[in-house]
Amino acid sequence: MDIIDDIADRLTAAVEAGDRDALGALYADDVVVWHNTDRVELTKEQSLTGLDRLVAVTSSRHYRDIRRYHIDGGFVQQHLLHLEFATGSGDLPGCVVVKVDGGEITRIDEYLDGATMASFAG
């Protein structure tokens with residue numbers, strides 16, 4: 001299997017499982033994770049803490065309708081992330097642009113539907 005596809009599959013599996021260690025193992029130590037909803041560049045630890053928060057408020061996470069494309073030095077993935085909450089469930093549309101170097105994720109630019117996120121919070 002191609003290294004990019006392997007990393008993409010492991011990234012998806014780590015988020016679905018809520019596995020902080022597996023996600024951290026994919027990240028370079030100096031990874032940058034950016035989200036369109038707040039335009040903040042997160043460090044490795046901050047990103048892993050974000051996964052912890054997602055796990056704390058959801059009972060399950062599952063990617064659907066994945067469309068993945070190879071780009072120079074990484075991949076782009078469009079998807080729906082199905083989230084189960086104590087009070088219901090919903091799909092969060094998203095897209096990630098992931099850069100990979102030396103078998104590690106060095107940058108993720110994540111684009112999420114802010115209106116859908118707000119509806120989950122409200």
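**Close-up views of the predicted model**

**View 1. A network of salt bridges links R20, E45 and D52 in this predicted model.** A search of the whole structure finds 8 salt bridges. One of them joins D29 to K44, with 3.3 Å between the closest N and O atoms. D29 belongs to strand β1 and K44 to helix α3 (residues 44-57), so this pair ties together parts that are 15 residues apart in sequence. The relative accessibility of D29 is 69%; because exposed residues are those over 50%, D29 counts as exposed.

**View 2. R107 and E41 form a salt bridge between two strands of the sheet.** The closest N and O atoms of R107 and E41 are 3.2 Å apart. R107 lies in strand β6 and E41 in strand β2, so the contact ties together parts that are 66 residues apart in sequence. With a relative accessibility of 24%, R107 counts as partly exposed.

**View 3. The side chains of D91 and R64 meet in a salt bridge.** The N to O distance of this pair is 3.9 Å, and the cut-off for a salt bridge is 4 Å, so the pair is counted. D91 is found in strand β5 and R64 in strand β3, so the salt bridge ties together parts that are 27 residues apart in sequence. D91 has a relative accessible area of 28% and is partly exposed. R64 is partly exposed as well, its relative accessible area being 34%.

**View 4. An open sheet is formed by 6 strands.** The order of the strands is β2-β1-β6-β5-β4-β3, and the pairing is mixed. The edges are taken by β2 and β3, each of which has a single partner strand, so one side of each is left without a neighbour in the sheet. Within the sheet, β1 pairs with strand β6 (residues 104-112) in the parallel sense, over 5 bridges. V33 stands opposite I108 of β6. The antiparallel sense is represented by β4 and strand β5 (residues 88-101), which pair over 12 bridges.

**View 5. Strands β3 and β4 run antiparallel and are joined by 10 bridges.** The strand β4 covers residues 74-85, and β3 covers residues 60-71. One bridge partner in this pairing is E84 of β4, which is matched with S60. The hairpin of β3 and β4 has 2 residues between the strands, and G73 takes a positive phi near 80° in this hairpin. A positive phi is also found at D65, at about 50°, although D65 is not a glycine. D65 lies in strand β3.

**View 6. A hairpin joins β4 to β5 through 2 residues.** The two strands pair in the antiparallel sense. Across this pairing, Q77 stands opposite V96 in β5.

**View 7. Helix α1 (residues 3-17) lies across four elements of the sheet, namely β3, β4, β5 and β6.** The helix α1 runs at about 160° to β3. Helix α4 (residues 114-121) also packs on the sheet, where this helix touches β4, β5 and β6. The direction of α4 makes about 135° with that of β5.

**View 8. R39 has a positive phi, near 60°, in a residue other than glycine.** R39 is placed in the loop between β1 (27-35) and β2 (41-42). The relative accessible area of R39 is 68%, and R39 is exposed.

**View 9. The C-alpha atoms of A22 and L11 are separated by 8.1 Å.** These two residues are 11 residues apart along the chain. A22 lies in helix α2 (residues 20-26). At a relative accessibility of 28%, A22 counts as partly exposed, because that class lies between the 20% limit for buried residues and the 50% limit for exposed ones.

Key:
Residues numbered from 1 in each chain as written. Predicted model: local features only at pLDDT ≥ 70, side-chain atom pairs only at ≥ 80, totals over all residues. Heavy atoms only, no water. Buried < 20%, exposed > 50% of the residue type's maximum accessible area, 1.4 Å probe, protein only. Pairing = 2+ DSSP bridges. Contact = heavy atoms within 4.5 Å. Axes fitted to C-alpha atoms, helices over the stretch in contact; angles between N-to-C directions.
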